[in-house]
Amino acid sequence: MDVLPLPQIHGFFPPEKPKPTQVYNQHSCHVLRKSKTKSTAEFSLAAHQSFDEIPLSDTFAWNNLIQTHLTTGHSHLALSTYHQMLLRGVRPDRHTLPRVLAASRLSRHLFLAKQLHAHALKLGFSHDQYVLTALLQIYAHLDNVDTAKWLLVKSPPKDSVSWTLLARLYIRKEKPALAIDLFHQMLGLGAQIDSVALATAIGASATLKSLKRGKNLHQIARKCELEFDMLVGNSLLKMYIDCCSIQDARATFDRMPSKDVISWTTIIRAYVKKGGYNEGLKLFRQMIMNGLKPDPVSISSLLPACARITAGKQGKEIHGYLLKNGIDLNVAVLNAVMDMYVKSGCIKSASRMFQRLKYKDVVSWTVMIMGYSSYGRGELGVDLFREMEKESSTQIDEITYAAVLHACTTARKVEDGKLYFNCINPPKVAHCALKVALLATSGMFDEAMLFIQEQNIERHAEVHRALLDGCRIHQNKKLGKRVIEQLCELEPLNAENYVLLSNWYADNSRWDMVNKVKGTIRDMGLKPKKAYSWIELRNKVHVFGTGDVSHPRSERIYWELQCLMKKMEDEGHKPSPDYSLHDVDEERECVEFGHSEMLALSFGLISTQAGSTIRVTKNLRVCRFCHESAKVISRMVGREIIFKDPNLFHHFHNGLCSCSGFW
């Protein structure tokens, strides 16, 4: 059979090659090895000089040369080599065309790809599995997936590889439903099902978040006896998790006779993401007991479970495990460990780790800047950002700018905050809310209101909450009431807004209006959040509500608090109750030292050794009475006390708080 060379395409093939100037011993691959250290131009020249030296019958050498050009990213040279091969009368084989088709796809030449398809037909290779795969890919990428499907349907015997490839192309083109339909069509034609084809279809149902389709594919996996194949099992696990069915995922996981690191990581991440931190930690320990060594992905999935003030001990244990077992600590894992220390109340450990990092990416800097800010040390966050600016290799993103704006707010560095805000282009509502917080926290209410009007962000609740924080700090009750009323208009079904309004009236002794607002909450069927705090002791978490008397040691807890309050009163300290702009209505009706954070603090004092740090977490903002009381108590008992609420860490030591009273 004669082979027709490809027609010349203007500008595509290089000019006529120069005459050989070097001695060639055997085949082109030897020339290429000798040219490894040369420049690209020299490398290409050496390769082309070898054309005359390659025996016409040695297709392997030509294929090798084409593959080398593909590997080095020179698809045009791969096509040029094929052209030269045809001109010399060398007959391509089944390994040549897939390489040349790949070069055509990378060069995005659809017309040329069709010529190569014609070559495949003429040479009798169009039904070869490798050639068909290359043709499917090229038509899907340069034409459309439907053309690729037409080619597959028109081809004689089709195995699961071709069908699976086409299904994956549908998924890549964001058509997962068609990928599942294709799988069922494949079943109907009697094609043999393998684990890759089944896993691809299951992945498509996960993308669609279709639990019904996913369960149907699970049944097919059982019938095909592929349910416990590792690839299929992990795909089912991920599908159930993506479809928000953690129960089915756990049942699948428990039935798997063998599990790899991916299996464990998938289920651990699912529990951590849903807030099942203890179960995630339990599974991690079980994974290690089963002899599996966690990888960076599994560690990064678990660390958020330790990024809580009650889990600092577990976080340190995991960090120690990483160091002891020599697990690859790439920058992503190190950042996750550092973030864990920040969020679990160990800012000093996070700072030491940051200083030891050999390479810091933008996430490393951002975690530490935000960490300092969340501990009320905004000035350190701003200084760190300035240091980061000097690093020319670090690209500052909008998340980092948000972190430094938060730091400027905490440190009340208004001018610096304005400067950094102007660097964001364009700023998002979240950035604008941070600037409002910066201005309001510094008492610049007129400028904050003007900025809100200029940016046209009056309809965003987060902006009004930022303004309200400033009203709370500076006791601007008049503006505070207006802001609360606007929040009620913007979010009429948010119970916390009505609680704020009720507390404002309570602070001004408007008890008739307090009752009226409470009636509105009741009539609308709204349920304000209950305040509660928790503390960990000997791996057990103790939770306290406001006025809680359910704890077995309640009598001792309240006695300790009464003694502390009596001592504070004797020393002349009498913190006043804070109802104004506070978001917990039930605490207003409770004796102050019955607030949940005070109960947790008292329990910590009577249950731990003298001198140890007390760490308490609260689900809502710490009230001012408890804040001022904790400051005094930290001095009286000689202990460090850490309160963490959704907004800030309050680190009390020797009668002072890290927030300096601004939160």
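This is a short walk through the structure, stop by stop, with something to select at each one.

**Whole chain**

Keep in mind that you are looking at a predicted model. Colour the chain by secondary structure to begin: there are 34 helices and six strands. Of the 663 residues in the chain, 53% are buried. Now show the surface if you like; about 31,600 Å² is exposed, and carbon and sulfur atoms supply 52% of that area. As for contacts, take those with a separation of 6 or more: 65% of them link residues 24 or more positions apart.

**Isoleucine 318**

Select helix H18, residues 312-325, and pick out isoleucine 318 within it. Is isoleucine 318 buried or exposed? Isoleucine 318 counts as buried because its relative accessibility is 6%, and the cut-off for buried is under 20%. To see what surrounds isoleucine 318, leave aside its neighbours within four places in sequence and show Leu281, Phe284, Ile299, Leu302, Leu303 and Cys306, which are in contact with it. For one of these, cysteine 306, draw a C-alpha to C-alpha distance to isoleucine 318: you should get 8.9 Å, for two residues that are twelve apart in sequence.

**A helix pair: H22 and H23**

Next, select residues 378-389 (helix H22) and 398-411 (helix H23). The two pack at an angle of about 140°, and their axes are 7 Å apart. Turn the view until one lies over the other, and you have a left-handed crossing of H22 and H23. Switch on side chains for the contact: H22 brings Gly378, Glu379, Gly381, Val382, Phe385 and Met388, while H23 brings Thr400, Tyr401, Val404, Ala407, Cys408, Thr410 and Ala411. Colour these by class and you will find eight nonpolar, four polar and one charged.

**The end of H28 and the loop after it**

Move on to helix H28, residues 477-490, and select leucine 490. Which residues touch leucine 490, once neighbours within four places in sequence are set aside? Show Glu458, Arg459, His460, Ala461 and His464. Alanine 461 is a good one to draw a line to: its C-alpha is 6.7 Å from that of leucine 490, although 29 residues separate the two in sequence.

From there, step to asparagine 494, in the loop between H28 and helix H29 (495-507). Asparagine 494 counts as partly exposed because its relative accessible area is 22%, and partly exposed covers the range from 20% to 50%. Add proline 528 to the view: it lies 34 residues from asparagine 494 in sequence, with 8.2 Å between their C-alpha atoms.

**The sheet**

Now for the strands. Show all six as one open sheet, and read across in the order E2-E1-E3-E4-E5-E6, with mixed pairing. At the edges are strand E2 (540-545) and strand E6 (656-657), each of which pairs on one side only. Then bring in helix H33, residues 596-607. H33 packs on the sheet, where it touches strand E1 (532-537), E2, strand E3 (614-618) and E4, and its direction makes about 15° with that of E1.

Zoom in on E1 and E2. They run antiparallel, joined by six bridges, and form a hairpin with two residues between them. Select arginine 538 in the turn, where phi is positive at about 50°. Two pairs to click through are serine 533 with its bridge partner phenylalanine 544, and tryptophan 534, which stands opposite valine 543.

Stay with E1 and look at its two faces. In a regular strand, side chains alternate between the two faces of the sheet. Ser533, Ile535 and Leu537 make up the covered face of E1, and Tyr532, Trp534 and Glu536 the uncovered one.

On to E3, which pairs with E1 in the antiparallel sense over two bridges. Tryptophan 534 turns up again here, this time with threonine 617 in E3 as its bridge partner.

For the last stop, select strand E4 (residues 641-644) and strand E5 (residues 649-653). How many bridges join E4 to E5? There are four, and the strands run antiparallel. Finish by lighting up isoleucine 641 and, opposite it in E5, phenylalanine 652.

Conventions: Residues are numbered from 1 along each chain as its sequence is written. This is a predicted model: local features need pLDDT of at least 70, side-chain atom pairs count only at pLDDT 80 or more; totals for chains, interfaces and linings use all residues. Side-chain values use heavy atoms; hydrogens and water are left out. Buried means under 20% relative accessible area, exposed over 50%, partly exposed in between (1.4 Å probe, protein chains only). Contact means heavy atoms within 4.5 Å. Accessible areas come from the Shrake-Rupley method with a 1.4 Å probe; for residues, only the protein chains shown count as cover. Axes are lines fitted to C-alpha atoms, for helices over the stretch in contact, and angles run from 0 to 180 degrees between N-to-C directions. A crossing is left-handed if the near helix is turned anticlockwise from the far one by less than a right angle, and right-handed if clockwise. Ala, Val, Leu, Ile, Met, Phe, Trp, Tyr, Cys and Pro count as nonpolar, Asp, Glu, Lys and Arg as charged, and the others, Gly among them, as polar. Two strands pair if DSSP finds at least two bridges between them.
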